[in-house]
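Here is a short briefing to read alongside the model. Please keep the viewer open as you go through the points.

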Amino acid sequence: MTDSATDLTHKEILVARRLARLFRVEASGRLTRWPTAIVQRLIDRRARLIGELTELEERRRSVATSVPEELDLTVAVLA
C-alpha cells in the first residue's frame, strides 16, 4: 500500500470511529434528554461524517484494492 493509501485508510478509520460514537449515543437514548439545538448539531455532524467517510472510501479504493483489517473491523461496527 502506498503512503497516500495508508494516510487515507488512517483518516477513514478515524472518521468511522467518530461516526460509531455518534451512533452509540443515539442508540443509547441519551439524545432525548439533550436540547433540540444540540441534537440537531449532532445530526448535521453525522451527515457530514457519512459524506466524508464515503469520499475517503472512494479515494482509498482508487489507490488501494485491499481493505486493512483494522478498517474492516471499525466499519463493521457501523453495520
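Let's start with Ser4, whose place is in helix H1. Keep in mind that this is a predicted model. With a relative accessible area of 38%, Ser4 is partly exposed. Between Ser4 and Arg45 there are 26 Å in space, C-alpha to C-alpha, and the two are 41 residues apart in sequence.

**Overall build**

- The protein has three helices and zero strands, and from the N terminus on its elements run α-α-α.
- The C-alpha trace spans about 45 × 20 × 15 Å along its principal axes.
- Of the 79 residues, 27% count as buried.
- If you take the contacts between residues at least 6 apart in sequence, 78% of them join residues at least 24 apart.
- The accessible surface amounts to about 5,600 Å², and carbon and sulfur atoms account for 53% of it.

**Two buried positions**

- Glu12 also has its place in helix H1, and Glu12 counts as buried because its relative accessible area is 2%, under the 20% cut-off.
- Which residues does Glu12 touch, not counting those up to four places away in sequence? They are Leu53, Leu56, Glu57, Arg60 and Leu71.
- Thr74 sits in helix H3, which covers residues 69-76.
- The relative accessibility of Thr74 is 10%, so Thr74 counts as buried.
- Leaving aside neighbours within four places in sequence, Thr74 is in contact with Ile13, Ala16 and Arg17.

**Salt bridges**

- Side chains of opposite charge can pair when their charged atoms come close.
- How many salt bridges does the structure hold? There are five, and three of these pairs are described here, beginning with Glu70 and Arg17.
- The side chains of Glu70 and Arg17 meet at 2.7 Å, N to O. Glu70 belongs to helix H3 and Arg17 to helix H1, so this salt bridge ties together parts that are 53 residues apart in sequence.
- Both partners count as partly exposed, Glu70 at 43% relative accessibility and Arg17 at 37%.
- Glu26 and Arg46 form a salt bridge through their side chains, at 2.4 Å, N to O. Because Glu26 lies in helix H1 and Arg46 in helix H2, the pair ties together parts that are 20 residues apart in sequence.
- Glu26 is partly exposed, with a relative accessible area of 38%.
- Another salt bridge joins the side chains of Glu57 and Arg61, at 2.9 Å, N to O. These two residues are four apart in helix H2, so about one helical turn separates them.
- Is Arg61 buried or exposed? Arg61 counts as exposed, at 51% relative accessibility, whereas Glu57 counts as partly exposed, at 28%.
- Glu57 also appears among the residues touched by Glu12.

**Charge on the surface**

- A positive surface patch is made up of Arg18, Arg21, Arg24, Arg41, Arg45 and Arg48.
- Where does the patch come from in the fold? Helix H1 (3-28) and helix H2 (36-63) each supply at least two of its residues.
- Arg24, one of the patch residues, lies in helix H1.
- Arg45, the residue compared with Ser4, is also among the patch residues.
- The protein carries 14 positive and 12 negative charges, and their mean positions are 9 Å apart.

Key: Residues numbered from 1 in each chain as written. Predicted model: local features only at pLDDT ≥ 70, side-chain atom pairs only at ≥ 80, totals over all residues. Heavy atoms only, no water. Patch = residues over 30% accessible without salt bridge, like charges linked within 9 Å, V, L, I, M, F, W, Y side chains within 5 Å. Areas by Shrake-Rupley, 256 points an atom, 1.4 Å probe, with all protein chains shown as cover. Salt bridge = Lys/Arg side-chain N within 4 Å of Asp/Glu carboxyl O. Lys, Arg positive; Asp, Glu negative; His and termini not counted. Charge placed at Lys NZ, Arg CZ, Asp CG, Glu CD. Buried < 20%, exposed > 50% of the residue type's maximum accessible area, 1.4 Å probe, protein only. Contact = heavy atoms within 4.5 Å.
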